[in-house]
Amino acid sequence: MKLHEYQSKTIFAKYGVPIPKGRVAATALEARHIAEELGGRVVIKSQVLVGGRGKAGGIKVAKNAAEAEQLAQQILSMEIKGLPVRKILVDEAAAIEKEIYFSITNDRAAKKPVMIASAAGGVDIEEVAATNPEKIIKVHIDPLLGLRDYQARDIAASINLPREYWRDFSKIAEGLWQAYRKTDATLAEINPLVITEDKRLIALDGKMLIDDNAMFRQSDLNEMRDTDEEAPAEIEARKYGLSYIKLDGNIGCMVNGAGLAMTSMDIVKLFNGEPANFLDIGGGAGADKVAAAMRIILSDSNVKAVLFNIFGGITRCDEVARGILVAMDEVKPKVPMVVRLVGTNAEEGRKLLENAKMITAETLADAAQKAVQAAQQN
Ligand code: GDP
Ligand code: MN
């Protein structure tokens, strides 16, 4: 789950990371009032779940409350990378002396969190990583020991931070680490962390990603979820407990089990097809879940054929067949469908589908080939 800048910064502040004074607004008039409270000079920041808002014109500095209202109006009517701006953050504007990049993410290869910093902070960190990787400092954190004080100082020294800021920087590093750890985040990023002209360190921007698998113990964060910004298919999938990832191909795949889903996608590719999605309906899926999965697959207009690959273990093939029939009744699909059922109650499942005009297959290779062929012809 992605958090908005204002949400991320609220979490940072809770763990002792200094952030600018400010509040979120949904109208230009509200923005004006907030600007008046903050003394006039503010920055108006679009709250959309994409990066590069500054370059897209979604971040503007206002000299006074009247200008804040005007710029807020302008930004609230914008679309940034296809997302309409519904909310803006009105922050006290900072006078920036230097911009630093600072984050923690999960390093899968090292199986540890990694703290990343660069003196070349600001808007183009990806470019710095590509062209000047030596300007990016990485320090791994032992999850059992936590962040050690000397590690924060090492980073401060490596990015040539003047010594007078080291104490504050260490506090920010510890705060960012606690924010990352306590919220089950997979990313906690400050870009930029700035040195202001009046010699303070402040997190000007914030971005957090929370591990969806940890949401069961992060119930207060769940309330921060902004479903306006999510694709309808993803919201539907979450509601039914389906693991769904949309891809660019044209063969919709409905499979039970993550490993089997990946295998199915591999075999589709082996026969020169392109999967339209990854979809794991999970073990023991009933008819309603199968129907939801089918609605999700068919809502993608790229889908030219659907491949069902069901291995009946805990999941019963007849239940899945019933789900397919319910969904077909409801959505009246126009694309060819290839089905392979094996395992528990496969025979009953096949009988139920006999009248459903589906292409049946015995093996996965057979099913994948038929699906690829059907998609080409359709
Ligand atoms: P992003 O483009 O989505 O990463 O949004 P940021 O919040 O990082 O803002 C982009 C850039 O706008 C920053 O790198 C700063 O250079 C500038 N900026 C943001 N807030 C302020 C501010 O309060 N004062 C000034 N002068 N510039 C700001
Ligand atoms: Mn930024």
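**Manganese site and ligand 1 pocket**

In this predicted model, the manganese ion (ligand 2) is coordinated at 2.2 Å by Asn191 (O) and Asp205 (OD). Asparagine 191 belongs to strand β11 (residues 185-196), while aspartate 205 sits in the loop between β12 (201-203) and β13 (207-210), so the pair ties together parts 14 residues apart in sequence. Aspartate 205 also has a polar side-chain atom 3.0 Å from an oxygen atom of ligand 1.

**Metal donors**

- Both asparagine 191 and aspartate 205 are buried.
- Aspartate 205 counts as buried because its relative accessibility is 18%, and the cut-off is under 20%.
- The loop that holds aspartate 205 runs between β12 and β13.
- The side chain of aspartate 205 makes a polar contact with the side chain of arginine 53, at 3.1 Å.

**Contacts to ligand 1**

- Arginine 53 places a polar side-chain atom 2.7 Å from an oxygen atom of ligand 1.
- Glycine 54 uses its backbone instead: an N or O atom there lies 2.8 Å from an oxygen atom of ligand 1.
- Aspartate 205 thus appears twice, as a donor to the manganese ion and with a polar side-chain atom 3.0 Å from an oxygen atom of ligand 1.
- On its own, ligand 1 has 570 Å² of accessible area, and the protein covers 82% of that area.

**Shell around ligand 1**

- Three elements give two or more residues each to this shell: β3 (42-46), β8 (96-107) and β11.
- Strand β11 also carries asparagine 191, one of the residues that coordinate the manganese ion.
- There are 15 residues around ligand 1, and Lys45, Arg53, Gly54, Ala94 and Glu99 come nearest.
- By class, the shell has eight nonpolar, three polar and four charged residues.

**Domains**

- The domain assignment divides the chain into domain 1 (21-92), domain 2 (96-222) and domain 3 (232-377).
- Domain 1 and domain 2 each supply at least three residues to the shell around ligand 1.
- The centres of domain 1 and domain 3, taken over C-alpha atoms, are 45 Å apart.

Technical notes: Residues numbered from 1 in each chain as written. Chains lettered and ligands numbered in written order. Predicted model: local features only at pLDDT ≥ 70, side-chain atom pairs only at ≥ 80, totals over all residues. Heavy atoms only, no water. Donors = N, O, S within 2.8 Å, 3.2 Å for Na, K, Ca; no water. Helix = DSSP H or I, 4+ residues; strand = E, 2+ residues; numbered from the N terminus. Buried < 20%, exposed > 50% of the residue type's maximum accessible area, 1.4 Å probe, protein only. Near = heavy atom within 4 Å. Polar contact = N/O pair within 3.5 Å; in protein donor to acceptor, adjacent residues only side chain to side chain. Areas by Shrake-Rupley, 256 points an atom, 1.4 Å probe, with all protein chains shown as cover. Nonpolar A, V, L, I, M, F, W, Y, C, P; charged D, E, K, R; others polar. Domains from an automatic or database assignment.
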